[in-house]
Structure formats: C-alpha cells, structure tokens
Amino acid sequence: MEDNENKPMEAGEEPEDKGGDKDDKKGGAKGVIIELVRDFAIALVIALLFTQILKPTIVQEYSMEPNFHNNDYLLVYRLAYKAKEPAKGDVIVFKSKLKTDDGKTKLLIKRVVGRPGDTVQIEDGEVFINGDVDDQSYTNDQYTDGDMTVKVPKGKLFCMGDNRLVSRDSRDPKVGLVDESAVVGKVVFRLLPIKTIGKVENPYKAD
C-alpha cells in the first residue's frame, strides 16, 4: 500500500490544496450573511412602505357603536384622499383639537355626514342634509341629539360618531368642523376581532 502523505512529489507537481474546504465554508457563511442582510433590508423597505400607506389603529371608547367597538383593530388608508375629497358615510381618523392626558393631539374616529357646501341641520332627533331627512338606520339609537344648523365651508367636514348620544364630534364646539388637512386617512379594513374581519362598508348609497 502506498503512503501518499510520505510519497515524494514529482517534478512540476502542485502541492495538494488542503485549505480548499475551509475557503468553501468561509464563502458559504459569507453568502448566508449577505442573504440575511438582503432579506432584512427588503423587509424593512416593505414595512416602511406599509406604514406610509396604511396606519393600524385601535378603537377606544364607544362613540362608534354599533358598527365599531372598543378594541377593534382597524387599518386606515393614508392615501385615500390624495386625489379626491371624503365621501358622505366614509369613516375617517383625524387629528382633533382635543388633547390626550399627556398633552398630545388626540386622534378621533368619526363618520363624514356633511361635506363642503352642505347645510347640516339637527332638530327633534332628526338630521337634515340640504333639507332632506338623513338616514340614521346605521346609528346606535336612530336619534341625534342637539339643535343646530351649520353650513359646511370649503375645506371642512361635519363628522359624527355612530353612537350619537355619547359621541363628541362636530356638534361639540371643542371638536367642531374637521379640517380636511387634519384627516389622517380612511378606515378601510377591520382586522380584529376575527368574527368581524373584513372591508369597512359605507352605509349610504351613492349620492
């Protein structure tokens, strides 16, 4: 049997490269790291794009019952009104004039009832839009308290909660009409609870 390790080398014979396996392992490890960095970068870009387009939000309190409940997990489409105005019946999230306990701007979730140019009148529990009785079948009590008439100016929205008897909204001077520029986006999808997961529908027919 020949002893290859002790066999003398022939003239011109190259020595055996015993470090090849180590180089292959180093190259393989480097490739794995590059792939991990690449995957992380792609995930980061997707996450940034997601947060620029969709904003997750959690309903707090009870002003939007019976259609939205405390702790419902919603997605808000930030780009919904880049090319158009909010429609009547859209549910929006906006920056209000109210403050949180720690002094930050309070975000509210309400439904658009009056658009620029509309005259909103509330009387004897009824809501009138431009003189026509408004549909309140989707609200909690089918009744709206208050007594007021408001002409909605350009760039403003008249918004109310679906639970009209407890909602602080455009009827309250501390909230008032909503600046269109203060709208964060349109509520388009409910993720939680699972039993109500799905697209958020507008209860109004096309005007």
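Trainee: Which residues form the negative surface patch?
Mentor: This is a predicted model, and one member of the patch, Asp 124, sits in the loop between β5 and β6 (126-129). With a relative accessible area of 68%, Asp 124 passes the 50% cut-off and is therefore exposed. The negative surface patch is formed by Glu 123, Asp 124, Glu 126 and Asp 147.

Trainee: In what order do the four strands of the open sheet stand?
Mentor: The edges are taken by β7 (132-133) and β8 (148-151), and each of these has a single partner strand, so that one side of each is left without a neighbour in the sheet. The pairing is antiparallel, and the order of the four strands is β7-β6-β5-β8.

Trainee: Which residue of β8 stands opposite Gln 121?
Mentor: Strand β5 covers residues 119-123 and runs antiparallel to β8, to which it is joined by four bridges. Within β8, the residue that stands opposite Gln 121 is Thr 149.

Trainee: How far apart are the closest N and O atoms of the salt bridge between Asp 134 and Lys 88?
Mentor: The structure holds eight salt bridges, and Asp 134 forms one of them with Lys 88. This pair links distant parts of the chain, with Asp 134 in the loop between β7 and β8 and Lys 88 in the loop between β2 (73-77) and β3 (91-99), 46 residues apart. Asp 134 is buried at a relative accessible area of 6%, and Lys 88 also counts as buried at 12%. The closest N and O atoms of the pair are 2.8 Å apart.

Trainee: Which strands are tied together by the pair Asp 179 and Lys 156?
Mentor: The side chains of Asp 179 and Lys 156 meet in a salt bridge of 2.3 Å, N to O. Asp 179 is partly exposed, with a relative accessible area of 33%, and Lys 156 is partly exposed with 25%. Because Asp 179 and Lys 156 are 23 residues apart in sequence, the pair ties together separate parts of the chain, namely strands β10 and β9.

Trainee: Is Asp 172, the salt-bridge partner of Arg 168, buried or exposed?
Mentor: The closest N and O atoms of Arg 168 and Asp 172 are 3.2 Å apart, and Arg 168 is partly exposed, with a relative accessible area of 39%. For Asp 172 the relative accessible area is 19%, and since buried means under 20%, Asp 172 is buried.

Trainee: What is the area of the nonpolar surface patch that includes Val 166?
Mentor: Val 166 has its place in the loop between β9 (156-160) and β10 (178-179). Together with Tyr 62, Tyr 143 and Leu 165, Val 166 makes a nonpolar surface patch of about 400 Å².

Key. Residues are numbered from 1 along each chain as its sequence is written. This is a predicted model: local features need pLDDT of at least 70, side-chain atom pairs count only at pLDDT 80 or more; totals for chains, interfaces and linings use all residues. Side-chain values use heavy atoms; hydrogens and water are left out. Two strands pair if DSSP finds at least two bridges between them. Helices (H or I, at least four residues) and strands (E, at least two) are DSSP runs, numbered from the N terminus. Patches are made of residues with over 30% relative accessible area and no salt bridge: like charges are joined within 9 Å, nonpolar side chains (Val, Leu, Ile, Met, Phe, Trp, Tyr) within 5 Å. Accessible areas come from the Shrake-Rupley method with a 1.4 Å probe; for residues, only the protein chains shown count as cover. A salt bridge is a side-chain nitrogen of Lys or Arg within 4 Å of a carboxyl oxygen of Asp or Glu. Lys and Arg count as positive and Asp and Glu as negative; His and the chain ends are not counted. The place of a charge is taken as NZ of Lys, CZ of Arg, CG of Asp or CD of Glu. Buried means under 20% relative accessible area, exposed over 50%, partly exposed in between (1.4 Å probe, protein chains only).
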